[in-house]
Amino acid sequence: MAVRSPNLHASLHSFCLGAIAYLSRALDDGAEIPFSFEGHGSPGRPTLYEYRPLVREFVESRADTIAALPDARAALQDLRREPAAAIFARAHARSGARAGEDEALVSSVLLPLLQQTAEAAGGATWDDDAFERAYAELERSLFGSRRLYAAVAPVVGLSLGAPADLGGGVRIRAAAAGELAAHRPDAAGLAPAGFGREPDRLCVLELEQELPVGEAEPPDAPAELADAVTALRLATAGPIAAGPVLFERLDWRPFGVRPVLPVAATAPPGEPVRLDAFRAGLAAELRRRLPLADDDRELGDALDRFELALFQDEPFRSEQLRASLVSLLGASDGLYAATLRAAALLGESGRERAEVLGILRSLGEGGAGAAALDAVRRALVETLVHSERPALVRALDEALLGVRPRPAAKLDLQAVAR
């Protein structure tokens, strides 16, 4: 392999060689590499057992000592001088502090390189070829033509028939066995209780994007996944949450752990739901349109108050739902006008409109039930799909006056309500 950075190659070679020597001495002093003994069976065939040394766990348990080795400090100096490593230095960095950058480079570059070298060599023994293969992979990540960023967060409150693409590089899929532990050994303690065992706790939200070469800032994954959670809540009416943390990787290397935004990480009360093809498509459409709220303050306020209402009891829930509906369709005319417009928006027939109006009137009485919560949700969904909220309000007023037909529904609202 043609080495792109001879100084970096030399310092990382010295670091791995010194770290392997330290691990070897630890074994000589009585330490042991943990192992797993896994059985692989199939019908009609004898079970085959695999002995697998857990080299990564052995290295992780000594990470602080390894990071303090003289060769590690020298390697960190060379990494800080390398512009291509700047994005790794930003992972976990605390307010630009040097200690934070060093911690990030250790966890995202040095330890993975050491782990790959040691695992390929079978433990705490040195193998030049194993190091060169691991280093070649690192150089491809540092100096390649593209970088692949991904963030994964566990999801609760929903089961899944098939993976669903939510657009913008976001998808929801079943979690792979041991996937979170591949990011961090303590991932099980950072995941929701029962994750990986309960039927509604088997999925992950994943954001995957290619980054331009030289890009030193990762995407705003917490905001992107929070939008996906909002879209799923609107599309399914389910008690969906993600997090409480998301796990990042860059070119399949551990990159960082970040908190999910609190409103998305908190699970509302309710029964788990199943994401079918219709609601998955609706969630993708809603996620694509949620940025409309960036330029429409009233729409953003309506969405925020609706999500806050999911977590509150009476009378605060009715108060938030009233404010949400007024922001959405009130247009400075108050709650009564907003309920009339919502009834016209959601009801196909006069009977249906009267039924919706009766449900929404309960908001003014401070005793909103599940039906009122769902009506506000459906109004948000339909407004987002129409895109032009002010134009929709004007069209609903004209329909109420009888000077034009009711705005055509963009969705099968009966399907959305089920």
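**Exercise 1.** In this predicted model, decide whether Arg289 counts as buried, partly exposed or exposed, and then describe the salt bridge that joins Arg289 to Glu285.

*Solution.* Begin with the accessibility of Arg289, which is 16% in relative terms; because buried means under 20% relative accessible area, Arg289 counts as buried. Next take Glu285, whose relative accessibility of 23% places this residue in the partly exposed class. Now turn to the contact itself, in which the side chains of Arg289 and Glu285 meet in a salt bridge at 2.5 Å, N to O. Finally, locate the pair: both residues lie in helix 11 (residues 277–289), where they are four residues apart, about one turn of the helix.

**Exercise 2.** Describe the salt bridge between Asp78 and Arg81, and work out how Arg81 should be classed by its accessibility.

*Solution.* The side chains of Asp78 and Arg81 meet at 2.6 Å, N to O. Within helix 4 (residues 70–81) the two residues are three apart, so that about one helical turn separates them. Arg81 has a relative accessibility of 58%, and since exposed means over 50%, Arg81 counts as exposed.

**Exercise 3.** Find which parts of the chain are linked by the pair Arg406 and Glu348.

*Solution.* First, note that their side chains form a salt bridge at 3.6 Å, N to O. Then place each partner: Arg406 is in the loop between helix 18 (389–401) and helix 19 (413–417), while Glu348 is in the loop between helix 15 (334–346) and helix 16 (350–361), so the pair, 58 residues apart, links distant parts of the chain. Lastly, Arg406 is partly exposed at 22% relative accessibility, and Glu348 is partly exposed at 48%.

Note on methods
Residues are numbered from 1 along each chain as its sequence is written. This is a predicted model: local features need pLDDT of at least 70, side-chain atom pairs count only at pLDDT 80 or more; totals for chains, interfaces and linings use all residues. Side-chain values use heavy atoms; hydrogens and water are left out. A salt bridge is a side-chain nitrogen of Lys or Arg within 4 Å of a carboxyl oxygen of Asp or Glu. Buried means under 20% relative accessible area, exposed over 50%, partly exposed in between (1.4 Å probe, protein chains only).
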